[in-house]
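Me: I'd like to learn how to read a model like this one. Let's start with the open spaces and then move to the rings.

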Amino acid sequence: YLNKLAENLKDAGKEITYVGPAIGLEADFDPLSLESILDNLIENAFRYRRAGTLVELRLASRVDGIALEVFNQGLLIPDAELESIFDYGVSDAASPENSGLGLFASRHYALAMRATIRVENQSNGVAMVITFPPTTVPGA
């Protein structure tokens, strides 16, 4: 899904890439909710990325579930603001067209899918991380 999404966005002229396995990872999610979340996260990643760098869609299996990251190289977020960016109405004052609703709604969509969403600073940029719980096999 993510690989195809990245390919489609590239075809539309977006500088984006997919980093992760081609197959083999499964997560339970609502496709419409995930699409809304990714629209918000990808839009933010493009807004704040360093010029000339790719936005990365990353997928990996972790102990706590399946982690989907939307990563952009760029300025780090001050530690004191890492949690508050998901609050209602929090927006970049330099971008008046942003209402501060996208990340707030994304967190609620994620919670409805039993997933979590957080932001983390990495060495050269910022990742929005959605973690889906491990899928359970019926009868296991």
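Me: By class, how many nonpolar, polar and charged residues does the lining of the second largest pocket have?

Reply: This is a predicted model, so local features need pLDDT of at least 70 and side-chain atom pairs 80 or more, while totals for chains, interfaces and linings use all residues. Numbering runs from 1 along each chain as its sequence is written, and side-chain values use heavy atoms, without hydrogens or water. A pocket is an open set of points on a 1 Å grid where a 1.4 Å probe fits, with protein on both sides within 12 Å along at least five of seven lines; lining residues have an atom within 4 Å of a point. Here the lining has 14 nonpolar, 2 polar (Gly would count there) and 1 charged (Asp, Glu, Lys or Arg).

Me: Which elements each supply at least two residues of that lining?

Reply: Helix H1 (2-11) and strand E3 (65-73) do; these are DSSP runs, at least four residues for a helix and two for a strand.

Me: How many aromatic pairs does a search of the whole structure find?

Reply: Ring centres must lie within 6.5 Å; planes under 30 degrees apart are stacked, over 60 edge-to-face, the rest tilted. The search finds 2 pairs. Tyr1 and Phe29 are tilted, 6.0 Å centre to centre with 50 degrees between planes. Tyr1 precedes H1 and Phe29 sits in the loop between E1 (16-19) and H2, so this pair ties together parts 28 residues apart in sequence. Phe29 and Phe132 are also tilted, at 6.2 Å and 50 degrees. Phe132 is in E5, so that pair links parts 103 residues apart in sequence. Tyr1, Phe29 and Phe132 form one cluster.
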